[in-house]
Amino acid sequence: MASQLQNEVKTQAMDENKENNVDGGLGLEILQIIKDSQQQHGLRHGDYQRYRGYCSRRLRRLRKTLGFKMGNRHKFSGKKVTVEMLKDNRYLLLVLIEAERAWSYAMQLKQEANTEPRKRFHLLARLRKAGKHGEHLAKLCESPSVDAKTKLEAQAYNSYLTGMVQFEMQEWTSAMEAFNKCKTIYEKLASAFTDEQGMLYHQRVEEISPNIRYCAYNIGDQNAINDLMQMRLSAGGGGGMMAEKLEALITQTRAKQSAMMSEVEWRGRTVPVKIDKARIFLLGLADNETAIAQADNEETKERLYESLLVECRDTIQAVREELRTDAKQRERATENAECGKVSNIQYLHSYLTYIKLWTVVKRNESMAHMLQAKLKEPQSDENKRGPRPQDLIRLYEIILQSLAELSSLQGLEGDQTFQKEVALKTVVYKAYRCFYIAQSYVLVKKWSEGLVLYERVLKYAREVQLKAKSFNGSLEDLPDVQELITVVNAEKFSVQAAAILDKEDVADELPAQQQLKDTTPLSEHLETFRHDPILLSKQPNLVQFPPEFHPVPFKPLFFDLALNHVAFPPLDDKVEQKGKGGITGYFKGFFGFGN
């Protein structure tokens, strides 16, 4: 909590510097301030509640600093900022933060209204409140003490809030006029500054454009739906309320078109499409592929691939549920399986699975191209981890796994053309995976392993060229193996040269290493000079310790070898014989009367 408050105070100090660095009157960089605050306090993750709390705390600090009290602890007395007070830019900032707080509360209620429709009334009330604060800010900025740039930004901000209110109330004409006014002002401001300063205004114009086209569509412009779909595919649509409305509109439009779609043809077989979700997905498939092909950069293309995969998985799940619930269909599938032909719905499932798996292949290939470009770029920061060949190996393994699943799709086991196509693509991507495995070995100076793997890459590439001559299908969507062959041949010579140089360096350094590893103590080479850094350390090697063992004379040992072979004479006559006294003798001996 303490760090959060420190960040807020730091942000406020930066904003005050922006406010005071204006010539020719009071100034306030309205759009810059609200964008920075939104990005730093929750809106980067869509957390409107957090941003609303930040606005409340900042309002409290501003009022305390300016002495702008709203009553006391016993009574509330509402006060408004007037033109006479405009001797400090923070009064304008006060009204701006009030508008932002009301707007963020409205957006929070918009998220909660999905499950609690009654909150829509509160949402409209807060939006109107934000519009009133925006109108108040625009009127204050009409004062002669405010500079021209702040006046224009205040008018644009007021128009934006007004358009949001009208948009939510579905008054399309009024909303479109307000958004167009806001767009015009921001475009003029963008043209009046440099590219770096005008970038923020251009971003705001791009955010407003989907709202304008949506209003035009609801007014009656049927051509606007194509622009909206293109905006949604290329830039993700608008933010806030616009995103949900745009998704609902596109789904509704595709649903109307899907009524005309009854079947789909794939690999020479026509299959009826009775599931609405599948119809909607197949209708939008061409638009998605077009947007991917027209993407400006790899990041946009990757996001579009992810969106397409999510839709495809949902559609496959709907078809799979249909397969589970239809008991008769399962019986037909069993009978058809015995006859060697799958059912229509199972074939549709295979077609959708093919779309998903091939999209995974193209997405990973796009990511691989992006990583390949980064691998060729020099690393500016050595401490920062850059891309490595191991990252590309993982991508190509996923591609090969997807191709293995493609070859086992139901209904395509007997399609020899399809199986040959998948087998050829598998060999191509195996060659690329092997190439990056070889590069990973070369990075750790394992030259022999790298050369062997490069030879394996050439083997795969020649196999592809041989099979491609007898293949009748199109190979336009596959990587060029001829280019790979050229790169591998160049890499082979580089690795061979590096291996030879590495051996020479080891041979040159060998005497020095032997000298350093010599553990002969100083006492044994006093006649020869040798530079030994160990002698200057705390543990110099002066003498050998412990000393070596030397042979010394010892006391001889005598062994009696004849002991076991000597017969001793009898000694019976020398031994005293005891008499036999019986029990009387026993008692005599017991009482001490013996001999």
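1. In which loop does Arg267 lie? In this predicted model, Arg267 is found in the loop that runs between β1 (263–266) and β2 (269–272), and although Arg267 is not a glycine, its phi is positive, at about 55°. With a relative accessible area of 33%, Arg267 counts as partly exposed.

2. Gln170 is another non-glycine residue with a positive phi, here of about 60°, and its place is the loop between α6 (148–168) and α7 (172–191). The relative accessible area of Gln170 is 49%, which leaves this residue partly exposed, because the exposed class begins only over 50%.

3. The backbone also deserves a check at Pro546, since the peptide bond leading from Phe545 to Pro546 is cis, with omega near 0°. Pro546 belongs to the loop between α18 (481–517) and α19 (582–591). As background to these points, most residues other than glycine have a negative phi, and most peptide bonds are trans.

4. Turning to the interior, the largest nonpolar core comprises 69 residues, and Ile355 and Leu406 are those with the most contacts inside it. Several elements each supply at least two residues of this core, among them β1, α11 (276–293), α14 (344–376) and α18, while α16 gives the most, with 13 residues. At least three residues of this core come from each of domain 2 (247–328 + 343–374) and domain 3 (399–504).

5. Leaving aside residues up to four places away in sequence, Leu406 touches Tyr354, Leu357, Trp358, Phe418 and Val422. A second core, separate from the one above, has 62 residues, including Leu92, Leu96, Leu127 and Leu161.

Definitions and conventions. Residues are numbered from 1 along each chain as its sequence is written. This is a predicted model: local features need pLDDT of at least 70, side-chain atom pairs count only at pLDDT 80 or more; totals for chains, interfaces and linings use all residues. Side-chain values use heavy atoms; hydrogens and water are left out. Helices (H or I, at least four residues) and strands (E, at least two) are DSSP runs, numbered from the N terminus. Buried means under 20% relative accessible area, exposed over 50%, partly exposed in between (1.4 Å probe, protein chains only). A nonpolar core is a set of buried Ala, Val, Leu, Ile, Met, Phe, Trp, Tyr and Cys residues joined through side-chain atoms within 4.5 Å. Domain bounds come from an automatic or database domain assignment. Contact means heavy atoms within 4.5 Å.
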